[in-house]
Amino acid sequence: MTGGGRESEGGEEEVRGARRIPGPRGAADDLDLASVPLPPLPPPGGPAPDEAVPEQSQPASASGDAPETPESDAGKPEPDLEPGPAAEAWPDPDREPGPADGTPEPHAPDPLVSSAPVALPHQVLKALLGAWALSACSAEETAAVEDHLTGCAPCADEALRLRDAVGLLHTDGSLDLDPTLRTRVLDGCFGRRPARIPVPEWAAPYDAETARLDALLRDIGDSEWHAPVRLQWFEEERQVSRRTTVAGVIGHLMAVDGLLSAALGLDDPLDGGKTPLDPTERTETYWSATRRPPTRAVREPWRAQSHELIRTASFAGRNVAETSVSYGAFALPLQDAALDRAFECWIHGGDIADAVDYPYPAPSAAHLHRMIDLAARMLPAALAGRRSAGLAGPAKDLVAAGAPGRSLHLEIEGHGGGDWYIALDSPAAVGAPERAVAQVALDGVEFCRLVAGHISPVEAAAGQEGDREAIRDVLFAAASLSRL
């Protein structure tokens, strides 16, 4: 075969001449730079490119393969030819370069190994700007684009804009919302148009914590409602636990919140018969009454109940804050009961978040401070109860009701911190700095975890100074405030 085999393969339908560079395309890797030929140059003293080279002058292929010969000459040895002007041949301009007939261009430089930027049309280089901005071009394409940018102002401006846009794609900001965002948005809205019936200040922590927990529940999948959750609390001197699911925790919150619903005259989720007041008994009653394992269907009634509690408290006015809410063994005014439910909502929200591997920050500093204050106010009564059960040291200095007595200085550091003085000998006494016999320093969140029964008193990272027995009694009394 000779170089005239072009017509035998494609006939007149084939496109003659060098291939055209493709227009703009989606990805930079689609450009085949190896297929871009350079224009043929006339050899010194040889025929012009437009002239056809006689078939007899076609040289041997660069790979050493001899051109095909007739069968009569197949057995004859090839003569050794010295390369020279007479033996050189240039490619036929009517024949497409490449390995179609096994004869590559002998003098065409390889653009992939060329040190100079590849000469590409403006439209192709413009289409490469996006890949260049993402550093997705090859070295040759990068060199070609950057060489083009030095002389093309519109493409240079576009390249700068694309590089700035790429910087926006690599942000290190957290995807978790600021926990104070809801409060700031509401404050901005109320600043423009105050609510006709505002949420009472004492109910704000409960409103915020139920909203945060509801946002977490909205984000989890159906299967995660069955994720195991271990609830922990202290009984006397030891830590106990109970295993349930995410849906079971929401059922527990709804059952205990029913105590506030009953105090406000609303429907109790535990219908029929004599409903217990003790939070643990209420929870066990609710769980046993559920025939099938609870699913995400429990979220809607819990959410509706919390909204109804806040709405009713808002319309009821100021006097409702002192309404007594019975927990069986003790009672709290409604404003403290709502704060207690906000605290438990946050603690169990953290339990759920741990079970589904989700971040869950602490409440705002103002709300956390009020939760710590409630626990500090309940400590003298808890200490007296443990003393009656023989679990705490005896009283050493009884005083008249309302008089300053022996005290422990509880210093809460960090988020929601402050100073409290806990009466040690009688719940009717008043804690006073001048009667302090011991001091305990704790982080705010750490103290709340102790009150929730999530860490033991001996594990609490506390700075301690003074009467060791008083310190131990107060730390164990704080842990005894926990319950299911």
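**A pocket, a helix and two odd loop residues**

Let's start with the lining of the second largest pocket: by class, it has 25 nonpolar, seven polar and seven charged residues. Keep in mind that this is a predicted model. Below is a quick tour of that pocket, then helix 7, then two loop residues with positive phi values.

**The second largest pocket**
- The volume of this pocket comes to about 930 Å³.
- Its lining is made up of 39 residues, and those nearest the centre are Phe-330, Ser-480, Leu-481, Ser-482 and Arg-483.
- Several elements chip in at least two lining residues each: strand 1 (228-235), helix 9 (279-289), helix 11 (334-355), helix 12 (365-388) and helix 13 (444-451).
- Helix 12 gives the most, with nine residues.

**Helix 7**
- Helix 7 covers residues 204-219, so 16 residues in total, and spans 23 Å from first C-alpha to last, close to the 22 Å expected at 1.5 Å a residue.
- Its buried residues include the charged Asp-207, Glu-209, Arg-212 and Asp-214, along with Leu-213, Leu-216 and Leu-217.

**Two loop residues with positive phi**
- Ser-135 isn't a glycine, yet has a positive phi of about 60 degrees.
- You'll find Ser-135 in the loop between helix 3 (129-133) and helix 4 (139-149), and it counts as exposed because its relative accessibility is 59%, over the 50% cut-off.
- Asp-357, also not a glycine, has a positive phi near 60 degrees.
- Asp-357 sits in the loop between helix 11 and helix 12, and with a relative accessible area of 71% it is exposed.

Notes:
Residues are numbered from 1 along each chain as its sequence is written. This is a predicted model: local features need pLDDT of at least 70, side-chain atom pairs count only at pLDDT 80 or more; totals for chains, interfaces and linings use all residues. Side-chain values use heavy atoms; hydrogens and water are left out. On a 1 Å grid over the protein atoms alone, a cavity is a set of points where a 1.4 Å probe fits but cannot get out, and a pocket is an open set with protein on both sides within 12 Å along at least five of seven lines; lining residues have an atom within 4 Å of a point. Grid points are joined across faces, edges and corners, and a volume is the space filled by probe spheres set on the points. Helices (H or I, at least four residues) and strands (E, at least two) are DSSP runs, numbered from the N terminus. The expected span of a helix is 1.5 Å times one less than its number of residues. Buried means under 20% relative accessible area, exposed over 50%, partly exposed in between (1.4 Å probe, protein chains only).
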